[in-house]
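This report goes through one protein model, topic by topic. Please keep the structure open while reading.

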Amino acid sequence: MLLNLEWFRTFKTIYETGSLTSTAQTLYISQPGVSLHLSSLESYVGYKLFDRMTRKMVPTERAKVLYNFIIDGVSRLEEAEEHFHKSTDTDRATISIGMCLETFQFTLEQYISNLPFNVSIRFGEYQTMEQGLDNGSLDLIITSEKGHQNNIEYTAFSKERIALVSGGQQDGKLFGQLIKKGNYDEAERWLKQQRWYSTAADMEHLRKFWHNNFNKHPDFRPNYIVPNKCSIVRCLSDKEGFAVIPDFLCRRELKEKKLKLVWEGKNIMENTLYFGKRKKTMFAREIALIEGFFKQQSVL
């Protein structure tokens, strides 16, 4: 049996996502195709790589060894593929941009189809995006963290506040009265009895907000765990329930009163958003156009 390098790419993605479905979506292949790649690789190496649980693919100890052995090589090949891949239109520049999914959906997505150049969007953690910017696989990143590399410049362009919001049909008068009286213990107890929305991967905003305002960690599980913060906004619009999210994700819904800004907290949580780019770039004009779209919707 000949070794197919695509098996390693599929294995890497399963390992990182823990899901055959997510792997299929990430690699744009069918789920049976993902299963075939995995079974072929397991046959090639001669041992089982994952234990198949109800909702998660759990790597075996041998899989952990294999992943650590191949990760650098596969990642470099993926970067080379993206960086040197020939476009279908050779006259158009290709700009690679790193940001979080929600930032893309609420800011840049609406402009993509009219851009006069090709765009490759990559979602990921800040550290990964910063490395991509440094090694040339990314040309621009949108981030709330500022690095210190000599070859990269960061420019502040907006601020976001992490706030408690509710659906437009939620009655929050009692909570407001309790906060006004300074009865934070009772206000916390009331909040914990309400419906809550969060995401599977990120409860950091909720934890920080709770700690900053109640000096505790939230000791309850949200009722509804949804894929991302965009889903939270859609689920809450004109409904009941609460969430802690960045205000920039729901400015339109707040203006249209589909959501309510309930409380910004005793201690306002605010992040500055930055453009990160290399000081020397051949895509200055294209990057400036992208930055312009973000500035149109920014608050600074």
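Where is the place of leucine 77? Leucine 77 is found in helix α4.

## Leucine 77 and the nonpolar patch

The model is predicted, not determined by experiment. In this model, leucine 77 has a relative accessibility of 51%. The cut-off for an exposed residue is over 50%, so leucine 77 counts as exposed.

Leucine 77 also belongs to a nonpolar patch on the surface. The patch is made by Leu3, Leu5, Tyr44 and Leu77, and its area is about 390 Å².

## Overall make-up and confidence

The protein chain has 300 residues, and 44% of them are buried. Its secondary structure consists of 12 helices and 11 strands. The C-alpha trace spans about 70 × 50 × 35 Å along its principal axes.

Each residue of a predicted model carries a confidence value, called pLDDT. For the protein chain the mean pLDDT is 89, and 94% of the residues reach 70 or more. Helix α4, residues 61-84, has the lowest confidence, with a mean of 83. The highest confidence belongs to strand β10, residues 259-263, at 97. Leucine 77, discussed above, is therefore a residue of the helix α4 for which confidence is lowest.

## Salt bridges within helix α1

How many salt bridges does a search of the whole structure find? The search finds 17. Two of the pairs described here lie in helix α1, which covers residues 5-17.

One pair is glutamate 6 and arginine 9, whose side chains meet at 3.1 Å, N to O. They are 3 residues apart, about one turn of the helix. Glutamate 6 has a relative accessibility of 32% and counts as partly exposed, whereas arginine 9 is buried, with a relative accessible area of 17%.

The other pair is lysine 12 and glutamate 16, which form a salt bridge at 3.4 Å, N to O. These two residues are 4 apart in helix α1, again about one turn of the helix. Is lysine 12 buried or exposed? At 9% relative accessibility, lysine 12 counts as buried. Glutamate 16 is partly exposed, at 44%.

## A salt bridge between two strands

Glutamate 153 forms a salt bridge with lysine 277, and their closest N and O atoms are 4.0 Å apart. Glutamate 153 belongs to strand β6 (residues 152-167) and lysine 277 to strand β11 (residues 269-278), so the pair ties together parts that are 124 residues apart in sequence.

Glutamate 153 is partly exposed, with a relative accessible area of 32%. Lysine 277 has a relative accessible area of 17% and is buried. Glu153 and Lys277 are also linked with Glu291 in a network of salt bridges.

## Aromatic rings

How many aromatic pairs are counted in the model? The count comes to 21. There is an aromatic cluster formed by Phe175, Tyr184, Trp190, Trp196, Phe209, Trp210, Phe214, Phe220, Phe242 and Trp263.

Tyrosine 184, a member of that cluster, also has a charge over its ring: the charged end of lysine 266 sits there, 4.4 Å from the ring centre. Another such contact involves arginine 62 and tyrosine 47. The charged end of arginine 62 sits over the ring of tyrosine 47, at 4.5 Å from its centre.

## Two residues with positive phi

Aspartate 238 has a positive phi of about 60°, although it is not a glycine. The residue lies in the loop between α10 (229-236) and β9 (242-246). With a relative accessibility of 38%, aspartate 238 counts as partly exposed.

Lysine 257 has a positive phi too, of about 65°, and is not a glycine either. Where is the place of lysine 257? Lysine 257 is in the loop between α11 (251-255) and β10. At 66% relative accessibility, lysine 257 counts as exposed.

Definitions and conventions:
Residues are numbered from 1 along each chain as its sequence is written. This is a predicted model: local features need pLDDT of at least 70, side-chain atom pairs count only at pLDDT 80 or more; totals for chains, interfaces and linings use all residues. Side-chain values use heavy atoms; hydrogens and water are left out. Rings of Phe, Tyr and Trp (its six-membered ring) pair if their centres lie within 6.5 Å; planes under 30 degrees apart count as stacked, over 60 as edge-to-face and the rest as tilted. A charge sits over a ring if NZ of Lys or CZ of Arg is within 6 Å of the ring centre and within 35 degrees of the ring normal. pLDDT is the predictor's confidence in each residue, from 0 to 100. Patches are made of residues with over 30% relative accessible area and no salt bridge: like charges are joined within 9 Å, nonpolar side chains (Val, Leu, Ile, Met, Phe, Trp, Tyr) within 5 Å. Accessible areas come from the Shrake-Rupley method with a 1.4 Å probe; for residues, only the protein chains shown count as cover. Buried means under 20% relative accessible area, exposed over 50%, partly exposed in between (1.4 Å probe, protein chains only).
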